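Here is a friendly walk through one model, from helix pairs to sheets. Please keep the 3D view open as you read.

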Amino acid sequence: MYSEQPKKMLVLNILDILQRYTDEDHRLSQTQIAEILKREYSMRADRKSIRRNLLNLMDCGYDIEYTETVRMVSVTNPKTGQTTQEESYLWSDFYLKRDFTSGELRLLIDSLLFSRHIPYSQCIDLIEKLEGLSNIYFRSRVQHIARMPQDAEHNKQLFYTIELLDEAISKHRKVAFKYTEYGTDKKIHVRKRSDGSEREYVISPYQMAAREGKYYLICNHDKYDDISNYRLDRILDLRILDEPARPFSQLKWANGKTLDLATYMREHPYMYSSDNIHACLRISKSMVSDVIDLFGNGVDFRDETDTHVTMAVYANELAIEHFAKTFASQVTILQPPALAQRVVASLEQALSNYRALCSPVV
């Protein structure tokens, strides 16, 4: 139980009660609020005081909903003794409207739980903060959620990296960082040059974007005239430089325009860095949903039969190649011929490897 508190705390305690105990499905009357004040805050308050403080909270911008009931009451004039019927307004069923619904909070929490690239301790902290945006009823429902196993190899700098990148993008400044990758020892290692020294990347950052649970930095490497993508969870020791970033509009295929993130993500479903091309593929009709998920609604379909359809798409060349190889039994590249030949060579090499593996020993 709380120790006895001064009356000036009444308005804050009422707000705390609304935050902890109410939502659209769980409402409180003034009498119930008074009972909680007495039980948990050792504070006594009559209905008039509670109503006055509720009005003060509303005047301060808190979105508090309630039910208003009109009833007729008998009022006696003390001078004449005459009794008349007058309208009286009763307020009840108070609740605080939430910025997030329980479903929205659960979606955010599930996104964190299934992310493989947020450090475990930071993920738990974020989940607790999200739970704090709701009430006791929501928290009781998420207690059964399974926590992911801790991975000691996670990059603990992830959120600090995001903050620095956000600042660098806003100020149009280049950044420098080290980049990590897994070794055969299953541990993270910083990429190195041929002489064994740690390699530092200097890039112009443009946007951060999520794709399939991974977070990427879309940027331009100083040495090249095109776009590069780097995993945020693999960036280490990032620092902002004084040198101005290279404008996206100056890159070779930007056509003088700024980065359109929606278009870029549609054209780069696997976040590969290579030129965009026009391609035609013959696919099984069962692949249509996967195609739209990957390449968006900009795909054109034609020459449809009961089992197959031709798709035309403008997208990243390596992404199209990866898609064709991943679904090789259901996808055939028609155009361009050079890409089709490259996929054929790759599949032939794979077939050769399997034949060598499976051939009987003489």
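## Starting point: what buried means

A residue counts as buried when its relative accessible area is under 20%. Please keep in mind that the model is predicted. Histidine 221 makes a good first case: its relative accessibility is 5%, so it counts as buried.

Histidine 221 belongs to strand 6, which covers residues 214-221. Setting aside neighbours within four places in sequence, histidine 221 contacts Arg199, Tyr201, Val202, Ile203, Asp226, Ser228 and Tyr230.

## Two helix pairs

Two packed helices are described by the angle between their axes and the distance between the axes. Helix 1 (residues 10-21) and helix 2 (residues 30-41) have axes that come within 11 Å and cross at roughly 105 degrees. Helix 1 is therefore roughly perpendicular to helix 2. On the helix 1 side the contact uses Leu10, Asn13, Ile14, Asp16, Ile17, Arg20 and Tyr21, and on the helix 2 side Ile33, Ile36, Leu37, Glu40 and Tyr41. Sorted by class, this contact of helix 1 with helix 2 holds eight nonpolar, one polar and three charged residues.

Now turn to helix 4 (residues 102-113) and helix 5 (residues 120-131), whose axes lie 10 Å apart at an angle of about 175 degrees. Helix 4 and helix 5 are therefore roughly antiparallel to each other. Helix 4 brings Leu105, Leu108, Ile109, Leu112 and Leu113 to this contact, while helix 5 brings Cys123, Leu126, Ile127, Leu130 and Glu131. The contact of helix 4 with helix 5 counts nine nonpolar residues, no polar residue and one charged residue.

## Strands 3, 5 and 6

Strand 5 (residues 200-211) pairs with strand 3 (residues 173-182) in the antiparallel sense, over four bridges. Alanine 176 has valine 202 of strand 5 as its bridge partner.

Strand 5 and strand 6 also run antiparallel, joined by eight bridges. Here methionine 208 is matched with leucine 217 in strand 6.

## The largest nonpolar core

In soluble globular proteins, nonpolar side chains tend to be buried together. In this model, the largest nonpolar core has 24 residues, and those touching the most other members are Val175, Phe177, Ile203, Leu217, Tyr230, Ile235 and Leu238. At least two residues of this core come from each of helix 4, helix 5, helix 7 (158-171), strand 3, strand 5, strand 6 and strand 8 (235-244).

Which residues does tyrosine 230 touch, not counting those up to four places away in sequence? They are Phe177, Tyr179, Tyr201, Ile203, Tyr215, Tyr216, Leu217, Cys219, His221 and Ile235. His221 is the buried histidine of the opening section.

## A four-stranded open sheet

Further along the chain, four strands form an open sheet in the order 10-11-9-12, with antiparallel pairing. Strand 10 (300-302) and strand 12 (331-335) stand at the edges with a single partner strand each, so one side of each has no neighbour in the sheet. From one strand to the next, the twist averages 30 degrees.

Strand 11 (residues 308-316) is joined to strand 10 by three bridges, and these two strands run antiparallel. Arginine 302 stands opposite threonine 310 of strand 11. Between strand 9 and strand 11 there are nine bridges, again with the strands running antiparallel. Threonine 310 in strand 11 is also the bridge partner of arginine 282. The hairpin of strand 10 and strand 11 has five residues between the strands, and aspartate 303 takes a positive phi near 50 degrees there.

## Around strand 11 and isoleucine 320

Strand 11 has seven buried residues out of nine, so it is largely enclosed by the rest of the structure. Helix 9 (residues 288-295) lies across strand 9 (276-284), strand 10 and strand 11, and runs at about 10 degrees to strand 11.

Isoleucine 320 sits in helix 10 (residues 317-326). Is isoleucine 320 buried or exposed? With 1% relative accessibility, isoleucine 320 counts as buried. Not counting residues up to four places away in sequence, isoleucine 320 touches Ile277, Ala279, Leu281, Phe295, Val313, Ala315 and Leu339. Isoleucine 320 and asparagine 276 are 44 residues apart in sequence, with their C-alpha atoms 9.4 Å apart in space.

Methods:
Residues numbered from 1 in each chain as written. Predicted model: local features only at pLDDT ≥ 70, side-chain atom pairs only at ≥ 80, totals over all residues. Heavy atoms only, no water. Axes fitted to C-alpha atoms, helices over the stretch in contact; angles between N-to-C directions. Parallel < 35°, antiparallel > 145°, perpendicular 65-115°, else oblique. Contact = heavy atoms within 4.5 Å. Nonpolar A, V, L, I, M, F, W, Y, C, P; charged D, E, K, R; others polar. Buried < 20%, exposed > 50% of the residue type's maximum accessible area, 1.4 Å probe, protein only. Pairing = 2+ DSSP bridges. Core = buried A, V, L, I, M, F, W, Y, C linked by side-chain atoms within 4.5 Å.
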